[in-house]
4 protein chains.
Amino acid sequence: MSKTRVGIINVTGYVGIELARILCQHPQIELVSITGRSAAGQKIGKVFPSLAGLDMTIDAKLGDVDLAFSAMPHGESTAEVVPLLNCGKKVIDMSGDFRLKDAGEWQIWYGHPHPCPNVISQAVFGIPELHAKEIHDTHLVANPGCYSTGAILALAPAAKAGIIEADIIVDSKSGVSGAGRSLKLTSHFCEVDDDVCAYSVEGHRLMPEMVQEIGLLYADPTPKITFMPHLIPMNRGILSACYATLKPGKAGLNAKEAVKEIYREFYADAPFVKVVDDPPHTKHVQGSNYCHIYPTVDARTGKLIVLSVIDNLGKGAAGQGVQNMNVMLGLPETTGLGMAGMYP
Amino acid sequence: MSKTRVGIINVTGYVGIELARILCQHPQIELVSITGRSAAGQKIGKVFPSLAGLDMTIDAKLGDVDLAFSAMPHGESTAEVVPLLNCGKKVIDMSGDFRLKDAGEWQIWYGHPHPCPNVISQAVFGIPELHAKEIHDTHLVANPGCYSTGAILALAPAAKAGIIEADIIVDSKSGVSGAGRSLKLTSHFCEVDDDVCAYSVEGHRLMPEMVQEIGLLYADPTPKITFMPHLIPMNRGILSACYATLKPGKAGLNAKEAVKEIYREFYADAPFVKVVDDPPHTKHVQGSNYCHIYPTVDARTGKLIVLSVIDNLGKGAAGQGVQNMNVMLGLPETTGLGMAGMYP
Amino acid sequence: MSKTRVGIINVTGYVGIELARILCQHPQIELVSITGRSAAGQKIGKVFPSLAGLDMTIDAKLGDVDLAFSAMPHGESTAEVVPLLNCGKKVIDMSGDFRLKDAGEWQIWYGHPHPCPNVISQAVFGIPELHAKEIHDTHLVANPGCYSTGAILALAPAAKAGIIEADIIVDSKSGVSGAGRSLKLTSHFCEVDDDVCAYSVEGHRLMPEMVQEIGLLYADPTPKITFMPHLIPMNRGILSACYATLKPGKAGLNAKEAVKEIYREFYADAPFVKVVDDPPHTKHVQGSNYCHIYPTVDARTGKLIVLSVIDNLGKGAAGQGVQNMNVMLGLPETTGLGMAGMYP
Amino acid sequence: MSKTRVGIINVTGYVGIELARILCQHPQIELVSITGRSAAGQKIGKVFPSLAGLDMTIDAKLGDVDLAFSAMPHGESTAEVVPLLNCGKKVIDMSGDFRLKDAGEWQIWYGHPHPCPNVISQAVFGIPELHAKEIHDTHLVANPGCYSTGAILALAPAAKAGIIEADIIVDSKSGVSGAGRSLKLTSHFCEVDDDVCAYSVEGHRLMPEMVQEIGLLYADPTPKITFMPHLIPMNRGILSACYATLKPGKAGLNAKEAVKEIYREFYADAPFVKVVDDPPHTKHVQGSNYCHIYPTVDARTGKLIVLSVIDNLGKGAAGQGVQNMNVMLGLPETTGLGMAGMYP
């Protein structure tokens with residue numbers, strides 16, 4: 001049986017190169033084309049020596065594929081995605097172009113009208129733990145933002161179980177690779193090293209993804225989410241600390257164990273989500289597709305606290321993209337994603 | 001006029017050595033004795049080559065001083081502090097032994113009865129921005145915890161102004177030096193580098209300091225504070241993100257500017273607290289005694305958000321200790337503390 | 001056909017856990033037993049959450065295996081290795097116990113007589129690029145030191161070709177994981193971060209490994225090697241800069257290209273050694289079994305300069321161990337080692 | 001008596017801002033003007049919040065000063081320096097424009113003819129430990145490169161004493177701030193963090209500074225220096241490891257102690273150079289103007305090994321600049337430079 005032919009559009013960013021790292025080891029697909037504007041014509045191993053073992057040349061234009069990942073920036077991705085859909089190809093869009101269901105909301109956060117609003121309804125928000133069936137049945141997956149993935153996985157069981165008030169705080173700490181490979185003072189080593197700061201303090205465009213997805217699970221359709229991202233001097237990883245007030249009657253004596261049980265049940269069949277017994281570290285999931293979640297209760301203040309960790313390039317981007325691909329192709333979710341985290 | 005003779009008990013930890021770094025340049029005092037158990041008899045510059053320029057030998061026992069800093073660990077500090085007080089010396093205790101006014105609360109958090117409860121009432125909680133007069137008049141200052149300093153400075157103006165509900169979340173990110181120089185797996189480079197985690201998730205002993213001090217300012221005597229400390233791969237610095245719901249009528253159109261004005265007024269005469277116009281970085285205050293505070297409002301969710309940054313060894317420990325000493329001695333608060341942050 | 005049953009003795013250090021990470025994905029062997037003294041009886045994923053996906057319990061005593069890796073410290077490893085050899089098992093010793101052929105030299109560097117000198121002659125120094133046939137034919141491989149691997153691979157082609165004088169300088173820079181997981185002040189985050197130092201300045205015990213192996217290739221049996229290791233604030237990776245004076249007539253006009261050609265030919269059939277066209281970065285090989293080598297010539301000074309990079313836990317330890325296992329078992333060298341470096 | 005009026009041209013780089021940090025605390029001068037092209041008109045504390053305590057506005061054009069530091073890039077600095085000299089001002093040029101005495105050599109390394117060769121002879125190479133008298137007597141100091149400072153201080157005593165062969169290897173490891181604040185991929189956090197690489201492998205323009213200055217001390221006028229700089233994931237600091245063969249008769253039994261004595265004597269009156277008894281760390285001199293030097297002998301190979309550490313922005317740039325200023329103005333060398341290194 002011939003393998004599915006897969007391509008990556010814009011391999012030259014951190015998400016693109018992580019997709020290549022995973023896909024070149026995937027046993028059920030063939031990586032046949034990788035594109036990159038400035039680096040076209042060069043060997044991938046010349047531009048990214050970590051892939052020196054992969055004998056491929058960067059294309060200027062995507063070759064013939066059955067399924068493509070678009071790792072283009074938001075705003076520019078639509079122009080790559082739509083023609084592929086029109087040719088009957090399957091597409092996993094790593095950008096924010098098709099994640100929000102409401103084109104008006106999209107415009108608020110991205111600053112201009114959506115480039116192709118009529119395609120939005122075809123897109124499925126790509127968290128397989130929540131939407132596996134729809135992902136399997138669609139041709140277009142909108143791969144979620146890194147922060148959104150960590151926060152939604154942390155909050156989904158509590159939202160579904162209806163145990164928290166709809167006023168949530170998400171305080172996230174991210175490595176620098178989430179900001180991409182392009183040059184900015186805020187990614188300069190000397191500015192980041194031995195430093196921590198909050199940013200996008202007046203509003204970040206991944207917050208509405210959280211509201212949309214938590215809202216689907218929550219009885220109240222529009223929970224309030226105060227989201228604060230921080231930049232941490234590390235390469236990869238996001239830790240999200242989520243805080244919400246437990247509803248009356250939910251913060252009693254056995255609240256901690258009751259909450260853990262809700263989480264364990266919710267993720268009983270999810271191979272990549274582990275409900276852990278100790279506060280998790282981002283290093284535990286570095287380089288992998290895992291998400292570790294630690295829910296607990298502060299009895300003094302009646303708060304649910306949930307900590308989640310992912311690798312922003314793994315479960316937060318490329319790993320989850322490949323997991324979505326597996327679901328779309330009817331493969332076991334874990335195919336090609338078995339690597340454990342790199343430690344230390 | 002002869003200079004005040006000053007000593008440091010237990011110079012060999014990170015707080016002790018930072019006190020030495022500052023005090024050996026202080027123009028109005030004379031550093032005459034530094035102690036350290038294991039290193040007694042050695043030149044300070046042999047044990048800590050960064051102080052190679054300081055010609056002092058580490059003592060086994062404190063020499064004759066007018067004022068002493070105790071940098072002993074909590075639990076052990078009382079035994080150094082009380083005899084000095086009994087001899088009429090002034091003492092600044094860097095440990096947690098005398099910070100909490102309620103000996104019962106102290107026992108809950110430190111796990112055993114307070115070693116000398118009758119001295120607690122003499123101690124003044126050493127944040128000069130809040131208690132300058134009492135600090136000037138006492139012989140015993142309890143220098144606050146690093147996390148407590150950042151959070152209390154961030155919340156004091158809002159608490160005093162009565163604009164927030166008494167249910168506060170403090171999410172703090174600290175460098176590793178706050179955990180001290182003793183050896184533990186959680187301070188091992190390979191475990192911390194490229195990692196972030198929350199810790200003391202079920203309760204941290206600096207939280208009651210925040211409750212005590214914010215409670216003094218707040219109409220409601222016992223605000224609820226959910227405190228979550230995180231360990232960040234950096235040496236120095238604490239960023240605290242504080243979240244509280246604004247009271248009805250306080251989250252309107254000009255809320256952001258109104259809140260900033262409250263903060264600017266509160267700290268108008270505080271030389272080391274800057275209310276800044278952009279989200280602050282810990283690097284901005286590295287090596288200095290400054291605290292930068294950025295208050296803002298999330299209009300969508302009605303939340304007050306306050307970000308504060310300090311150097312945990314500066315304003316969070318040794319810097320504030322020297323500031324307290326200046327106040328106790330009637331010197332200008334800024335004497336010997338003029339150094340700007342080391343950048344980058 | 002049944003798979004080879006493999007075990008790891010002392011899985012709880014950084015080398016042990018990296019062996020587990022690789023071996024649990026290896027398609028041709030079965031990891032059946034992992035031991036660890038203090039952690040015996042616990043799930044591996046409880047102690048090392050990065051392996052949460054691996055359902056194994058840590059044993060107190062090695063189970064029934066065909067081949068074992070000993071990740072015990074030097075001095076203690078012999079007591080594990082010899083009984084296994086006596087039972088006819090194959091062993092890969094990750095320690096320094098069997099690397100030096102001369103028991104007298106061993107005693108000089110390790111400070112006491114060799115614990116089992118009569119077994120030394122059975123051991124093969126485990127660099128497959130140099131000793132593949134002997135590795136295939138032996139029951140005992142002495143896996144080389146991390147620094148030795150990088151330096152020997154960098155110098156072997158020039159030594160074999162006889163183009164350099166026998167007076168070599170090796171200046172190496174290593175990440176902290178090479179110092180292991182045990183607690184020491186020199187691995188404390190605050191001491192290492194934003195710091196670099198040289199150590200073992202008066203002599204390091206991996207130097208004689210270099211002399212032994214380069215000596216085998218070099219006409220002059222005892223080249224002089226000045227070796228200086230440095231500790232760098234990073235987790236993984238070793239960069240070695242090697243300097244030697246080119247012999248008369250070897251530093252001429254086309255020296256650079258001639259040298260490159262010698263290196264390319266030497267490693268033409270080595271799947272894990274890449275002779276690269278730009279100065280290499282340790283990050284290029286992070287988490288992989290690759291070694292990238294860049295040879296060049298300083299025409300002004302007549303020096304050969306060779307830069308090599310490895311992951312000290314990959315090609316410098318666990319990766320090379322698995323490569324040696326593949327050779328011993330008659331498998332393709334690259335089996336289970338195909339992963340590209342993790343970037344960034 | 002009125003204070004000397006001092007200015008900084010181009011304060012907005014890392015060297016400029018470090019000059020400002022030191023000079024604003026200097027008791028004998030007045031910092032009256034700081035310039036910066038893009039940031040002109042803004043408060044310095046707005047652009048660099050670490051200087052929030054300094055109430056100065058960035059000028060477009062240098063105000064009236066007695067002495068100026070030019071922190072312009074090489075090639076551009078001459079155009080600032082020469083007019084100031086012509087007006088009788090004293091100038092300390094932080095760039096490479098006036099360091100090399102030979103305009104032909106300058107052209108080889110900087111790629112174009114020297115912009116003002118007739119001024120070169122007025123310039124004094126600004127290492128006060130070597131050229132104090134000339135520095136005092138000149139109006140133009142060429143502040144040395146950071147690498148050059150570390151290497152020259154490490155090698156000067158041995159060169160002067162004539163104990164080494166004239167074939168020297170300098171292997172240096174630098175923090176990223178040495179590469180400046182401008183944006184390049186090689187300063188991107190994700191590329192540098194957890195990485196080490198060599199660069200300028202085919203030749204670095206600070207090497208001829210070393211040859212020039214060591215040549216002045218050495219009997220043989222043109223020693224050969226093989227120089228290899230490395231980039232380390234840290235902010236500040238340079239460690240240089242220097243290797244040279246001891247001359248016949250110099251590597252005997254007491255060579256180590258004899259060499260140390262030569263170094264101690266050479267630097268007996270140098271307040272900022274410490275000959276230390278243990279291998280030095282860059283962290284020991286972080287934020288200070290100190291240089292720690294550790295000379296030793298490898299008896300097996302007959303090599304002199306000298307390790308030196310400086311802060312590349314301290315003794316490697318701004319600190320040494322201020323030291324030069326003190327010498328020019330006839331002040332004690334240490335004025336305003338007493339701060340100890342920031343540790344940890």
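**View 1. Asn10 in chains D and B of the predicted model, a buried residue with positive phi.** In this predicted model, Asn10(D) is buried, with 23 other C-beta atoms within 10 Å. Because a residue counts as buried once 20 or more other C-beta atoms lie within 10 Å of its own, the 23 atoms around Asn10(D) place it in that class. The backbone here carries a positive phi of about 70 degrees, although Asn10(D) is not a glycine, and the residue sits in the loop between strand 1 (4-9) and helix 1 (14-23) of chain D. In chain B, Asn10(B) likewise has a phi near 70 degrees, a positive value in a residue other than glycine, and its place is the loop that runs between strand 1 (4-9) and helix 1 (14-23) of chain B. With 23 C-beta neighbours inside 10 Å, Asn10(B) also counts as buried.

**View 2. The open sheet of chain D, with 7 strands in mixed pairing.** The strands of this sheet follow the order 8-9-7-10-13-12-11 in chain D. Strand 8 (197-198) and strand 11 (273-275) of chain D form the edges, each of them pairing on one side only. Strand 11 of chain D pairs in the parallel sense with strand 12 (residues 291-298) of chain D, over 3 bridges, and the bridge partner of Lys274(D) in strand 12 of chain D is His292(D). Helix 6 (residues 146-161) of chain D packs on the sheet and touches strand 7 (164-174), strand 9 (224-231), strand 10 (238-246), strand 11, strand 12 and strand 13 (303-310) of chain D, with a direction that makes about 35 degrees with that of strand 10 of chain D. Helix 8 (residues 207-217) of chain D packs on the sheet as well, touching strand 7 and strand 9 of chain D, and its direction makes about 140 degrees with that of strand 9 of chain D.

**View 3. The contact between chain B and chain A, which takes 40 residues from chain B and 40 residues from chain A.** On the side of chain B that touches chain A, at least two residues each are supplied by strand 7 (164-174), helix 7 (189-192), strand 8 (197-198), strand 9 (224-231), strand 10 (238-246), strand 12 (291-298) and strand 13 (303-310) of chain B. By class, this side of chain B has 19 nonpolar, 9 polar and 12 charged residues. A turn of 180 degrees and a shift of 0.0 Å along the axis lay chain B on chain A with an RMSD of 0.0 Å. Pro233(B) comes closest to the rotation axis of the residues of chain B, its C-alpha being at 3.1 Å. Since 100% of the interface residues of chain B are also interface residues in chain A, the copies meet through the same surface.

**View 4. The contact between chain A and chain C, with 29 residues from chain A and 29 residues from chain C.** Helix 1 (residues 14-23) of chain A provides the largest share of the side of chain A that touches chain C, namely 3 residues. This side of chain A is made up of 16 nonpolar, 10 polar and 3 charged residues. Chain A is superposed on chain C by a rotation of 180 degrees with 0.0 Å of shift along its axis, at an RMSD of 0.0 Å, and the two copies are thus related as by a two-fold rotation axis. The same surface serves both copies, as 100% of the contact residues of chain A recur in chain C.

**View 5. The two domains of chain A, domain 1 (4-144 + 316-328) and domain 2 (147-311).** The centres of domain 1 and domain 2 of chain A, taken over C-alpha atoms, are separated by 25 Å. Where they meet, 18 residues of domain 1 of chain A are in contact with 23 residues of domain 2 of chain A. Helix 4 (103-110), helix 5 (128-137) and helix 10 (314-328) of chain A each supply at least two residues of the side of domain 1 that touches domain 2, and helix 10 of chain A gives the most, with 4 residues. By class, this side of domain 1 of chain A has 8 nonpolar, 6 polar and 4 charged residues.

**View 6. The cis peptide bonds before Pro344(A) and Pro344(C).** In chain A, the peptide bond from Tyr343(A) to Pro344(A) is cis, with omega near -5 degrees, and Pro344(A) is found in the segment after helix 10 of chain A. In chain C, a cis peptide bond joins Tyr343(C) and Pro344(C), with omega about -5 degrees, and Pro344(C) lies in the segment after helix 10 (314-328) of chain C.

Definitions and conventions: Residues numbered from 1 in each chain as written. Chains lettered and ligands numbered in written order. Predicted model: local features only at pLDDT ≥ 70, side-chain atom pairs only at ≥ 80, totals over all residues. Contact = placed C-beta atoms within 7 Å. Nonpolar A, V, L, I, M, F, W, Y, C, P; charged D, E, K, R; others polar. Least-squares fit on C-alpha atoms with pLDDT ≥ 70 in both. Domains from an automatic or database assignment. Buried ≥ 20, exposed ≤ 12 C-beta atoms within 10 Å, placed from the backbone. Pairing = 2+ DSSP bridges. Axes fitted to C-alpha atoms, helices over the stretch in contact; angles between N-to-C directions.
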